[in-house]
Amino acid sequence: MTTSVPAAVHAATHPVTQVLKQRARAGSRPGAREDGHRVALVLEGGGMRGVVSAGMTAAIERLGLTPGFDLVAGASAGAINGAALLAGAAGRAVATYTGPLASRAFINPFRVLRGKPVLDVNDILKLATGLESTGHDRITSGEVGLHAVAVDVESARTVTLSGMRTETEVWDALLASSRMPWAGGPPIELGGRRYLDGSMGSPVPVAEALAAGATHVLVLQTRPHGIPRKSSSRLGDRFIERHLRGLNPALVALYRARIDVYEDVVADIARHSGEPGDAPPFVLGLRPPAGTPCVGQLERDSAVLARAAADADRLVEAALGPA
C-alpha cells in the first residue's frame, strides 16, 4: 500500500512547491510579483468529498501560502472551497462540512419523494465560504481571480465564471457551479443563461487554469490513488439523464463522458507531477494515498468527514510545510 511520505517528499522538490515557498519567504503578494510566474490553485470537489480539498486549503491557509496564488479555479465544491480560502475562511469551511452540512437539513434523499432537491444549499454555503461576514470583499478585490467552472445548459459546454464584483455575483457563480443535475434542483439562471454543476464537464479544471495563463498549477484532488470515478447507481443515472434530456439532449452525452474525461485529466496530472520537465507549465497534484477511504458524495457521518479533513491537512503539511 502506498503511503503519503514518498509522494510528499517528491512534491517538496517540484517546481510548483519551490515557487510557492520562495514567494512565502519573500513575502510576495498578489499584484506585486517580481518572479514573472502566474500560480494557480485548482480544487477538485465531489459533493461532500469536498471536505478533502477543504482540509487541504485549511493547511494552505495555516501555512501562510494563500498570498502565493494568482488565481483559484474549481468546480462545484471545489469552487466553494476556493472561495472560502480567498475569504480567509478555509479553516471554518472544514467545520461547516463536519457540522451543518453533515445533516438532513442539507442532505435528505427522501425530499425527492416530495419533488424537492436532495441537496438544500440556500444560505448554508455562506457559512462554508465566509460570505456571511466581509469575506466577499477579499474575493471581489480582484487581486486573486476566482474562476468558478459551470456547464452552460444551452450549449452543453463548460464555461468559466469570473470577474465577480459583488457578494451577490460571487454567490450566484458558486450556486451555478455547484448545482447538481436533478438532485440539486433546476439550473441556476444568470444573465439569461442557465447553468449546472461544472464538475459534469470539468471536474478538475486544470485546462481552465492554463487557459487563464497559469505557469504553475497546484491541484488538490479529493479521490485517493487507485479509486476511479464511477456512477453512484444505475437508477440515479437514469433519473439524472432523464432530467438532462428535458433540458438539452446534448447534456446527456456530456454526462456519460464525464468518467473518461476525469480519468484522462487525472492521468495527465500524474504525468506532470512525476515528470515536471524543464519549462512551464508545471502541474503538481496532491491527493490522498492509496488505501485511504474514499468519502462518499453524500456522506453525512461527521466522524468520517473529520477524519478525511485531518488526513488531507497532514498531507499538505508534509508536502508544502517547512522541511
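**Exercise 1. Determine which residue pairs with Asp 311 in a salt bridge, and how the two are placed in the chain.**

Solution. In this predicted model, the partner of Asp 311 is Arg 314, and the closest N and O atoms of the salt bridge are 2.3 Å apart. The next step is to place the two residues: both belong to helix α12, and because they are three residues apart there, about one helical turn separates them. Asp 311 itself has a relative accessibility of 33%, so this residue counts as partly exposed.

**Exercise 2. Find how many salt bridges there are in total, and work out which parts of the chain are tied together by the pair Asp 35 and Arg 23.**

Solution. Start from the general principle that side chains of opposite charge can pair when their charged atoms come close. With a cut-off of 4 Å between a side-chain nitrogen of Lys or Arg and a carboxyl oxygen of Asp or Glu, the count comes to twelve salt bridges. One of them is formed by the side chains of Asp 35 and Arg 23, with an N to O distance of 2.8 Å. Asp 35 lies in the loop between α2 (15-26) and β1 (39-43), whereas Arg 23 is in helix α2, so the salt bridge ties together parts that are twelve residues apart in sequence. The two ends have their own surroundings: Asp 35 is partly exposed, with a relative accessible area of 31%, while Arg 23 is buried, with a relative accessible area of 2%.

**Exercise 3. Establish where in the chain the partners Asp 313 and Arg 62 lie, and state whether each is buried or partly exposed.**

Solution. The side chains of Asp 313 and Arg 62 meet in a salt bridge, at 2.8 Å from N to O. This pair links distant parts of the chain, since Asp 313 is in helix α12 (residues 302-320) and Arg 62 is in helix α3 (residues 50-62), 251 residues apart. For the accessibility step, the boundary needed is that buried means under 20% relative accessible area. Asp 313, at 17% relative accessibility, therefore counts as buried, and Arg 62, at 47%, counts as partly exposed.

**Exercise 4. Describe how α3 and α4 pack, and which residues of the two helices meet.**

Solution. The axes of α3 and α4 are 9 Å apart and the helices pack at an angle of about 20°. Angles under 35 degrees count as roughly parallel, and α3 and α4 are therefore roughly parallel to each other. The crossing in which α3 passes α4 is right-handed. On the α3 side the contact is made by Gly 50, Ser 53, Ala 54, Thr 57, Ile 60 and Glu 61, which meet Ala 77, Asn 81, Ala 84 and Leu 85 of α4. Sorted by class, this contact of α3 with α4 has five nonpolar, four polar and one charged residues.

**Exercise 5. Locate Arg 38 in the chain, and identify which residues beyond its sequence neighbours are in contact with it.**

Solution. Arg 38 has its place in the loop between α2 and β1, and at 30% relative accessibility this residue counts as partly exposed. When neighbours within four places in sequence are left aside, Arg 38 is in contact with Arg 23, Asp 70, Leu 71, Ala 212, Gly 213, Ala 214, Thr 215 and His 216. A further spatial relation concerns Val 217, which is 179 residues from Arg 38 in sequence, although their C-alpha atoms are 8.6 Å apart in space.

**Exercise 6. Examine the backbone at Ser 76, Ala 156 and Pro 281, and say where each residue lies.**

Solution. Take Ser 76 to begin with: its phi is near 60°, a positive value in a residue other than glycine. Ser 76 lies in the loop between β2 (71-75) and α4 (77-86), and at 6% relative accessibility it counts as buried. Ala 156, which is not a glycine either, has a positive phi of about 60°. Ala 156 lies in the loop between β3 (145-152) and β4 (157-161), and is buried with a relative accessible area of 12%. At the third site, the peptide bond from Pro 280 to Pro 281 is cis, with omega near 5°, and Pro 281 lies in the loop between α11 (250-274) and β8 (282-286).

Note on methods
Residues are numbered from 1 along each chain as its sequence is written. This is a predicted model: local features need pLDDT of at least 70, side-chain atom pairs count only at pLDDT 80 or more; totals for chains, interfaces and linings use all residues. Side-chain values use heavy atoms; hydrogens and water are left out. Helices (H or I, at least four residues) and strands (E, at least two) are DSSP runs, numbered from the N terminus. Buried means under 20% relative accessible area, exposed over 50%, partly exposed in between (1.4 Å probe, protein chains only). Axes are lines fitted to C-alpha atoms, for helices over the stretch in contact, and angles run from 0 to 180 degrees between N-to-C directions. Angles under 35 degrees count as roughly parallel, over 145 as roughly antiparallel, 65 to 115 as roughly perpendicular and the rest as oblique. A crossing is left-handed if the near helix is turned anticlockwise from the far one by less than a right angle, and right-handed if clockwise. Contact means heavy atoms within 4.5 Å. Ala, Val, Leu, Ile, Met, Phe, Trp, Tyr, Cys and Pro count as nonpolar, Asp, Glu, Lys and Arg as charged, and the others, Gly among them, as polar.
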